[in-house]
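Please brief me on the cysteines, one helix and one buried serine of the structure below.

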Amino acid sequence: MYADTQNDITRQVVRVAQLLLAYGADSELVEEISQRLGYALGLASVEISISSNSLVLTSLVHGRCITTTRRTRDHGINMTVICELQRICLLTEKGLYGLQEVRRRVSRIQPRTYPKRYLVPMIGLSCASFCHLFGGDLPASILTFCASSVGMFVRLSIAKRHFNLLINFAVTAFVTTLIAQLGYQIPFTATPKLPMAASVLMLVPGFPMINAISDMVKGHLNVGISRWGHATLLTVSSVIGITMAMQLGGLFL
């Protein structure tokens, strides 16, 4: 294998690892896919080191090492991208894809999201269902649906303008709680506490928490602790927004 070919393969493998980290894959999966793809494309060895915001990858062929470093930025969780990268790796291992095809397929990957007109009411329906499961009556479930739907609309609108995620969570929690506490201001439900609890469940950072624990259990302590800290900050931001809304509504008086 020529040096130029090794360079091209290394760049492609590190690009795949960069995308996996950016869209929410855990560190173990990033290492596994990177090594398997590198072996399938002809590398003798692939070593990768992952930190909270960067990765270093070294490839080895015939005693010649190439090391490259990439910075990673969080683009939010998108399992479509991760599944497509895994599919490319599997087809490369089967010999169906070569380097050029891998490059072409990776460059065509676009993160797909659900349309807002479907996502907003479905989030509202899911939070309303939780309210019903918690024992809320029909007016409480309807209030939860309205509060969480408006909150999700605000969240998506802020995200579209690329504001900091912590600000996003705080503002969303504030708006959602402000609407959900109408059950206290206007006594039309016998269970006014439940809409306040159920409507903000959409802000629970479940996937980042799971990834953080998974990384720490599998030995990637630096990345796991970083992800845990980020998830904790998101939770604190939500609590700040909820507290401000409750203070404004006079529930702490």
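The points below cover the cysteines, a helix and a serine. This is a predicted model, in which local features need pLDDT of at least 70, side-chain atom pairs count only at pLDDT 80 or more, and totals for chains, interfaces and linings use all residues. Residues are numbered from 1 along each chain as its sequence is written, and side-chain values use heavy atoms, with hydrogens and water left out.

**Cysteines**
- Zero disulfides (pairs of cysteine sulfur atoms within 2.5 Å) turn up in a search of the whole structure.
- Cys89 cannot form such a bond because the closest cysteine sulfur, in Cys83, is 13 Å from its own.
- Cys146 is likewise in no disulfide, the nearest cysteine sulfur being that of Cys131, 12 Å away.
- Cys89 is buried at a relative accessible area of 1%, while Cys146 is partly exposed at 38%; buried means under 20% relative accessible area, exposed over 50%, and partly exposed in between (1.4 Å probe, protein chains only).

**Helix H7**
- Helices are DSSP runs (H or I, at least four residues), numbered from the N terminus.
- H7 has 16 residues (165-180), and its end C-alpha atoms are 22 Å apart, in agreement with the expected 22 Å, which is 1.5 Å times one less than the number of residues.
- A side-chain oxygen of Asn164 caps the N-terminal end of H7, 2.7 Å from the backbone nitrogen of Leu166.
- Among the buried residues of H7 are Phe169, Ala173 and Thr177.
- The cover over the buried residues of H7 includes helices H6 (138-160) and H11 (221-248).

**Ser34**
- Ser34 belongs to helix H2 (residues 27-40) and is buried at 0% relative accessibility.
- Leaving aside residues up to four places away in sequence, Ser34 contacts (heavy atoms within 4.5 Å) Val13, Ala17, Val46, Ile48 and Leu57.

Methods. Helix = DSSP H or I, 4+ residues; strand = E, 2+ residues; numbered from the N terminus. Polar contact = N/O pair within 3.5 Å; in protein donor to acceptor, adjacent residues only side chain to side chain.
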